[in-house]
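User: I would like a close look at a single part of this model, one helix together with the loop that leads into it. Please take me through it carefully, in connected prose.

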Amino acid sequence: KACSRIMLNRVVMLTAAASCASAFAPSTLSSLPVRTSRAFASAASTTVKMSSKINHKIELDNPKVATQETLEPGQKAVYCRCWKSATFPKCDGAHNKHNQETGDNVGPIIVNVSK
């Protein structure tokens with residue numbers, strides 16, 4: 001039973017990582033093998049498929065896309081996490097269309113600097 005709980009925790013963590021990896025950074029994983037315990041499903045393996053690349057247009061020649069910005073007190077910045085913004089790294093609301101088309105729930109990162 002303890003083994004089943006450990007496996008279930010790993011399944012939950014791997015599934016969570018698979019579902020939100022694209023929101024933060026490109027993944028080199030093409031799929032994650034997931035095994036479920038007999039208490040919750042059959043002994044068959046399930047594979048969670050993931051796209052291996054989320055950035056298809058921004059600074060493709062660079063090994064890593066990184067942005068640094070200094071904000072002054074009282075400033076606010078809204079940054080893209082969907083990689084679809086025409087004003088990347090700033091958000092232009094492109095995630096709204098993406099969410100409608102895919103059922104996803106991605107949104108921007110909003111940074112406020114206190115005065």
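Analyst: A residue is called buried here when its relative accessible area is under 20% and exposed when that area is over 50%, with partly exposed covering what lies in between. By that rule Lys90, at 30% relative accessibility, counts as partly exposed. The model is a predicted one, and what follows should be read as a description of that prediction.

For orientation, the protein chain has 2 helices and 4 strands, which follow one another along the sequence in the pattern α-β-β-β-α-β. Buried residues account for 21% of its 115 residues. The helix to look at is α2, which covers residues 94–102, and the loop that leads into it is the one between β3 and α2, where Trp83 is found.

The loop has some backbone features that deserve attention. Most residues other than glycine have a negative phi, and most peptide bonds are trans. Trp83, although a residue other than glycine, has a positive phi near 65 degrees, and the residue is buried, with a relative accessible area of 11%. Further along, the peptide bond from Phe88 to Pro89 is cis, with omega near 15 degrees, and Pro89 also belongs to the loop between β3 and α2.

Lys90 brings in another part of the chain, since its side chain meets that of Glu69 in a salt bridge, at 3.3 Å from N to O. This pair links distant parts of the chain, 21 residues apart, with Glu69 in the loop between β2 (45–49) and β3 (76–79) and Lys90 in the loop between β3 and α2. Glu69 is partly exposed as well, with a relative accessible area of 36%.

In the helix itself, the buried residues of α2 are Ala94, His95, His98 and Asn99. Seen down the helix axis, these buried residues fall within an arc of 135 degrees, and so they line one face of α2. The face turned away from that buried side carries the exposed residues Lys97, Gln100 and Glu101.

Two of those exposed residues are paired with each other: the side chains of Glu101 and Lys97 meet in a salt bridge, at 3.9 Å from N to O. Because Glu101 and Lys97 lie 4 residues apart in helix α2, they are separated by about one helical turn. Side chains of opposite charge can pair when their charged atoms come close. A search of the whole structure finds 2 salt bridges.

On the buried side, His98 can be followed in some detail. His98 has a relative accessible area of 16% and is therefore buried, and its side chain makes a polar contact, at 3.0 Å, with the side chain of Asp104. Once neighbours within four places in sequence are set aside, His98 is in contact with Lys84, Gly103, Asp104 and Val106. Gly103, one of these contact partners, comes just after α2 and takes a positive phi of about 80 degrees.

Taken together, α2 has one face lined by its buried residues, while the face turned away from it carries exposed ones, Lys97 and Glu101 among them. The loop before the helix holds the buried Trp83 and the partly exposed Lys90, and the side chain of Lys90 is joined to that of Glu69 by a salt bridge.

Terms used:
Residues numbered from 1 in each chain as written. Predicted model: local features only at pLDDT ≥ 70, side-chain atom pairs only at ≥ 80, totals over all residues. Heavy atoms only, no water. Buried < 20%, exposed > 50% of the residue type's maximum accessible area, 1.4 Å probe, protein only. Arc of directions from axis to C-beta. Polar contact = N/O pair within 3.5 Å; in protein donor to acceptor, adjacent residues only side chain to side chain. Contact = heavy atoms within 4.5 Å. Salt bridge = Lys/Arg side-chain N within 4 Å of Asp/Glu carboxyl O.
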